[in-house]
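Colleague: I'm new to reading protein models, and I'd like to learn by walking through one. Could you show me the features and how to read them?

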Amino acid sequence: MMVALTGCQAVGGVDIGKAVVNSTTVKSGESRQSMHIKIEPTANLVEEDALQMIELINSVSLDIEDAKVKDSSTASIKGTLSMQGKKLPFHLSMDKSEMVIDVDGAQKPLYISLEDDTLPMLDTKALEKQIEELSPKLLTFALKHLSNPKNISVTPVQESVNGESLSLSKLHVEISGEELLAMVKPFLTSVAQDEQGLKDLIGDLYDVFYPILVTINTVDNGDGSALPSTISESRDAEVASLYEMIKGGLDEILANYDKELNSLLTETPELKTVFGTETKLQLDFYLDSALNIRKQNYDFKVALPASEDLPIKSVSVYGDSELWNIGGPVTVDAVDKTGGVIDLMQGDITPGQMLRNFDSNSLVYQLLKDEAGITHKNVMLYPDDESYGAITVKNTTFVPLRYLSEELDAEVKWTKGSDKIVVIDDITGNEIVLTVGSKKATVAGKEVTMAESAYVGKNGKTYVPLRFMAESLGASVDKEKETGWIFIDRP
């Protein structure tokens, strides 16, 4: 998006449009880059929680020290995510079939399958190639109708890229939110006047997505019938129909554009701040003679209308990058999977299993447990619920053992013919061992005495003292006197 905003007209002998389109073509290469976020609060913001959150976000930075791209589907990245002075090194690799991520403190890397067999009859290789070819066509069309910003220049410079001194062309661009908004109407006007260009673009989109829709339409509804057709088999007819619809919509928008825009800005004055002079995009692209972007610096600041609900003046994203070995031979650094993986596509991974994959002192462990709160569980019980409600016997509240244990992700083991039950705490891995008819139990190897013994009810369910089981699994119990509702909370 930022590259496209530089416009398409040549500047200083540099064909910007060609350079932009060139950047969308996936080539082999290596790079390093960094990205930072900065939130600027209002001067009157005094809430400690809000200030701490802003400070946390402002401390986040992403530094990619070594990125390697072999082709459109094969790459590897080694980098560091930093937060409040703590650093989290990571290593990611991917190919057509999988993505594997290894982070500091993990015993096994995280695995994500990229294979999709939902539409096996679709030629995915051909589709990928078409989509690759479509991207530059879309961008070429957009650039054809975009004018250059007022503040744009090209100067020859000598810059270092990966330790090598290169003669490059520096493309400098500055654009404000006000100017960005002013570019919309001329862009839409130009698009509306380009009948052939618009039809060609619609045709290109048809060629890519029609086979997908045909494939989807052949999938059974479950009753033996195919899904209804949503697009014409005739390419020319569909292009003509869509063109008339889009052209009509553009003409309608442009006929009342100024009036509608003024009305929108009047009804929503906050947009005047967002699309004002304080919103700024600054870009520096360093291009080689082949119009490859070899280096870049960017700073994108969005001004916000501060309010009590959102006491923020602006949000900025800034960073830099440099690229080398473009089009050369590249061997990616694959993540080592020989020790096994944690397959994130499996839906039965418990919070405890995920946490135990990481060192308890690692940043990821802290983020998952403290920030993401993956261990937090809240269970509500109602005394009148015959299946899952609590039962009071001898002034002790009992609860179905398996129901509560599984709600708190614990595993229940009970050998047939035995009254002994073992409950394994998901978070700690500790075992809770109890016997039906006995008040004695052990928690993490330590013997304890329950208020009452576990028993098997008439419905065949095993009941245990609620507070004992909940607290043994790291949860607290609270009862609402007015309603009788029981709240079980695990932090």
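Modeller: Let's begin right after helix α11, where G373 takes a positive phi of about 60°. This is a predicted model, so local features need pLDDT of at least 70 and side-chain atom pairs count only at pLDDT 80 or more, while totals for chains, interfaces and linings use all residues. Residues are numbered from 1 along each chain as its sequence is written, and side-chain values use heavy atoms, with hydrogens and water left out.

Colleague: How do helices and strands get their names, and how many helices and strands are there in the protein chain?

Modeller: Helices (H or I, at least four residues) and strands (E, at least two) are DSSP runs, numbered from the N terminus. Here the protein chain has 13 helices and 24 strands.

Colleague: Back to helix α11, then. Which of its residues are buried?

Modeller: First the idea: buried means under 20% relative accessible area, exposed means over 50%, and partly exposed is in between (1.4 Å probe, protein chains only). Helix α11 covers residues 363-371, and its buried residues are L363, V364, Y365 and L368.

Colleague: What covers the buried residues of α11?

Modeller: For that you need contacts, meaning heavy atoms within 4.5 Å. The cover includes strands β3 (74-83), β4 (86-94) and β5 (98-103), along with helix α10 (351-356).

Colleague: Can we try a single residue in another helix? Is V191 buried or exposed?

Modeller: V191 sits in helix α5, residues 184-193. It counts as buried because its relative accessibility is 6%. Leaving aside neighbours within four places in sequence, V191 is in contact with F141, H145, L198 and L250. Look at L250 in that list: V191 and L250 are 59 residues apart along the chain, yet their C-alpha atoms are separated by 8.4 Å.

Colleague: And in a loop? Which residues is I427 in contact with?

Modeller: I427 is in the loop between β17 (420-424) and β18 (431-435). Setting aside neighbours within four places in sequence, I427 touches P351, G352, R356, T375 and R490. Its C-alpha is also 9.2 Å from that of L408, which is 19 residues away in sequence.

Colleague: What share of the contacts with a separation of 6 or more comes from residues 24 or more positions apart?

Modeller: In the protein chain, they account for 57% of those contacts. As for burial, 38% of the 491 residues are buried.

Colleague: Now salt bridges. How many are there?

Modeller: The rule is a side-chain nitrogen of Lys or Arg within 4 Å of a carboxyl oxygen of Asp or Glu. By that rule the count is 18. One of them joins the side chains of E322 and R32, at 2.8 Å from N to O. E322 lies in strand β11 (residues 312-324) and R32 in strand β1 (residues 29-41), so this pair ties together parts that are 290 residues apart in sequence. E322 is buried, at 12% relative accessible area, whereas R32 is partly exposed at 31%.

Colleague: What about pairs inside one helix?

Modeller: Here's the general idea: an α-helix has 3.6 residues a turn, so residues three or four places apart point the same way. K247 and D251 both lie in helix α7 (residues 235-255), four residues apart, about one turn of the helix. They form a salt bridge whose closest N and O atoms are 2.8 Å apart, and D251 is partly exposed at 34%. Helix α13 (residues 466-472) holds E471 and R467, also four residues apart and separated by about one helical turn. Their salt bridge has its closest N and O atoms 3.7 Å apart. E471 is partly exposed at 47%, and R467 is partly exposed at 46%.

Colleague: Which residues are linked in a network of salt bridges?

Modeller: K68, K78 and D333 are linked that way.

Colleague: Last topic: surface patches. Which residues make the nonpolar one of about 270 Å²?

Modeller: Patches are made of residues with over 30% relative accessible area and no salt bridge; like charges are joined within 9 Å, and nonpolar side chains (Val, Leu, Ile, Met, Phe, Trp, Tyr) within 5 Å. Areas come from the Shrake-Rupley method with a 1.4 Å probe, and for residues only the protein chains shown count as cover. That nonpolar patch is made by M380, Y382 and W485. Y382 is in the loop between β13 (377-381) and β14 (391-393).
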